[in-house]
Amino acid sequence: MTRKTLIATAAAAALTLSSAWAQPGQGPGMNGQHPMKMQKKHAKKGKKSMRSIFLIQYGLPHYSKILMTMWDDPKLALTSEQKSKLEAVRNRTLQQVKEIAPQVKKLTREIVKGVKSGAKAESLSQKVDTLASLKAKATKIHLQCIEETRTILTPKQLEYVHEHLKQMRKKHRKHG
């Protein structure tokens, strides 16, 4: 092959790969994102961290978290009674999740360490079952928080919160 042919072939291959990566759901990683970009996106200031203690990591609203940023928004118009109820739900939820989080982190580290040291899958089975159970428990707590929050907010307030979440997602996609 001539040098020109090699260069043209390499350029065509690079173009094919880069266009595949640019297509949603194509190429490496989730949603077409390069794995390193995904890793950086989820890493906290250079630290390796566990992404979530929940089974369902994406798609469920974290009402408690978002409401704290909208607490005094006049368009949301939370009453003092609603604020009191929402604070109680948030505090209870956070307390329950904070009790589970260290156990999830510890088990995750132990399983990863075991795999890296050559442990057999069977020897890690019980830890995996326990980890799954803890993540399920955390997810159930999250679902309960969502349900309770929905009963506190009016339909109009919920609609406003959902619209706010949509706007935040759009803004995040532009900058992410």
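## A buried serine

Let's start with Ser64, which counts as buried because its relative accessibility is 14%, below the 20% cut-off for that label. This residue sits in helix α3, a stretch covering residues 63-70. The side chain of Ser64 has a partner: a polar contact of 2.8 Å links it with the side chain of Arg90.

Please keep in mind as you explore that the model is predicted.

## The overall layout

With that starting point in hand, here is the wider picture. The protein chain holds 6 helices and 0 strands. Reading from the N terminus, the elements follow the order α-α-α-α-α-α. The chain has 176 residues, and 25% of them count as buried; Ser64 is one of the residues with that label.

## Between α3 and α4

Moving on from helix α3, you come to the loop between α3 and α4, where Ala77 is found. The backbone of Ala77 has a feature to look for: its phi is near 50°, a positive value in a residue other than glycine. Ala77 has a relative accessible area of 46%, so it is classed as partly exposed, a label for values between 20% and 50%.

## Along helix α4

Helix α4 spans residues 80-116, and Gln103 has its place there. With a relative accessible area of 39%, Gln103 is partly exposed. Which residue lies 32 positions away from Gln103 in sequence, yet 9.8 Å away in space? That residue is Lys135, with the distance taken from C-alpha to C-alpha.

## Helix α6 and its charges

Helix α6 is home to His162, a residue that is partly exposed at 35% relative accessible area. His162 pairs up with Pro61 in an instructive way: 101 residues separate them in sequence, while their C-alpha atoms are 8.8 Å apart in space.

The same helix, running over residues 155-175, also contains Arg169. Is Arg169 buried or partly exposed? Arg169 is partly exposed, because its relative accessible area is 43%, and values between 20% and 50% receive that label. Arg169 also belongs to a positive surface patch, together with Lys166, Lys170, Arg173 and Lys174. To find this patch in the structure, you can begin at Arg169 in helix α6 and then look for the other members, including Lys166 and Lys174.

Technical notes. Residues numbered from 1 in each chain as written. Predicted model: local features only at pLDDT ≥ 70, side-chain atom pairs only at ≥ 80, totals over all residues. Heavy atoms only, no water. Patch = residues over 30% accessible without salt bridge, like charges linked within 9 Å, V, L, I, M, F, W, Y side chains within 5 Å. Areas by Shrake-Rupley, 256 points an atom, 1.4 Å probe, with all protein chains shown as cover. Salt bridge = Lys/Arg side-chain N within 4 Å of Asp/Glu carboxyl O. Lys, Arg positive; Asp, Glu negative; His and termini not counted. Charge placed at Lys NZ, Arg CZ, Asp CG, Glu CD. Helix = DSSP H or I, 4+ residues; strand = E, 2+ residues; numbered from the N terminus. Buried < 20%, exposed > 50% of the residue type's maximum accessible area, 1.4 Å probe, protein only. Polar contact = N/O pair within 3.5 Å; in protein donor to acceptor, adjacent residues only side chain to side chain.
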